[in-house]
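Student: Please take me closely through one part of this model, with the cut-offs behind each term you use.

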Amino acid sequence: MGIKALTYPVPEHANNLAWSLGGITAVAFVILLVTGIYITQFYAPIPEDANQSVRDLVTDVWLGSFARALHFWAAQAMFVLALLHLLRVFFHASYKKPREGNWVVGAAMFLLTFLAVFTGTVLKWDQEGYEARIHNLDVAELLGGAGIWFTDKLTDRISILLRLFNAHVVIVPGLIVLLFVWHALLIKRHRIPRIPRSRCRPSSRPSRSPPTSGAWPHSDSSCSGCCRCSACWCRPWSDQRRSKGSRSPVRCGCSGGSSRWRNGSGSHPSHGSSRASSD
């Protein structure tokens with residue numbers, strides 16, 4: 001199997017930046033892993049030495065300042081790109097059946113990305129990190145008994161900083177990797193969805209009368225011939241009530257749409273009225 005097990009065909013419409021946000025997010029995650037491994041060699045997850053080890057990393061370690069800056073901006077980029085990726089999937093309705101499970105997996109990965117950014121902020125152990133730790137305790141209080149892991153009450157031997165460090169470098173990245181593999185396998189199984197059609201295609205039949213004001217959503221099959229969108233807005237030609245059994249003409253409100261008749265015959269109602277007048 002190997003890496004080829006994750007390959008899948010990419011349609012033409014997906015060869016652009018908007019549909020590549022997920023892949024760019026994965027690249028940012030790889031950069032975080034590489035720079036994080038390097039930074040970890042010089043970081044001391046002890047409250048007394050944590051902040052000083054960060055300062056020494058920037059000033060005394062070869063490429064330490066560059067690695068820390070790249071790690072920081074890659075984290076910001078991953079968070080923003082993951083958010084944009086979720087928004088793209090939502091607005092293109094790519095989360096719908098049969099991809100609901102993959103949407104949940106992606107949302108869980110975004111939550112883990114937020115946790116990684118949060119724990120990384122605490123690890124600096126400066127003023128910003130201390131304030132982030134205060135928020136950490138507030139969240140623990142909201143969670144009640146389940147939030148004891150986020151406090152010092154879990155154990156007296158291991159500090160909260162060391163446990164957040166373990167979560168930042170082991171637990172959270174490990175879960176992201178597992179969910180990423182699952183995410184990729186689901187994409188391979190369900191394929192990349194088609195791009196939604198947002199424009200209506202006009203029919204060959206020309207319109208015979210302009211629509212009036214007042215529209216209601218209509219998704220009847222009678223409009224399936226005039227447009228290809230998922231939902232059709234049809235307008236009545238007249239606001240007057242019609243007797244039961246009369247032909248009720250409706251016009252598609254989409255741009256370039258054509259008329260459809262609800263009587264099922266497709267004939268113009270004026271034909272019937274002309275016959276009635278001639279009689």
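Tutor: The account below follows one helix from its span to its buried face and its core. The model is predicted, so local features need pLDDT of at least 70 and side-chain atom pairs count only at pLDDT 80 or more, whereas totals for chains, interfaces and linings use all residues. Residues are numbered from 1 along each chain as its sequence is written, and side-chain values use heavy atoms, with hydrogens and water left out.

Helix α4 (helices being DSSP runs of H or I, at least four residues, numbered from the N terminus) has 24 residues and reaches 35 Å from first to last C-alpha, close to the 34 Å expected when 1.5 Å is multiplied by one less than the number of residues. Just after α4, W125 takes a positive phi of about 60°.

The buried residues of α4 (under 20% relative accessible area, with a 1.4 Å probe and protein chains only) are N102, V105, G106, M109, F110, L112, T113, A116, T119, V122 and L123. What covers them includes α2, α3, α5 and α6.

The largest nonpolar core (buried Ala, Val, Leu, Ile, Met, Phe, Trp, Tyr and Cys residues joined through side-chain atoms within 4.5 Å) has 14 residues, and V105 and L112 are among those touching the most other members. The elements giving two or more residues to this core are α1, α3, α4 and α6. Leaving aside neighbours within four places in sequence, L112 is in contact (heavy atoms within 4.5 Å) with V172, L175, I176 and L179. Apart from this core lies another, of ten residues, including V122, A50, V54 and L161.

Conventions:
Buried < 20%, exposed > 50% of the residue type's maximum accessible area, 1.4 Å probe, protein only.
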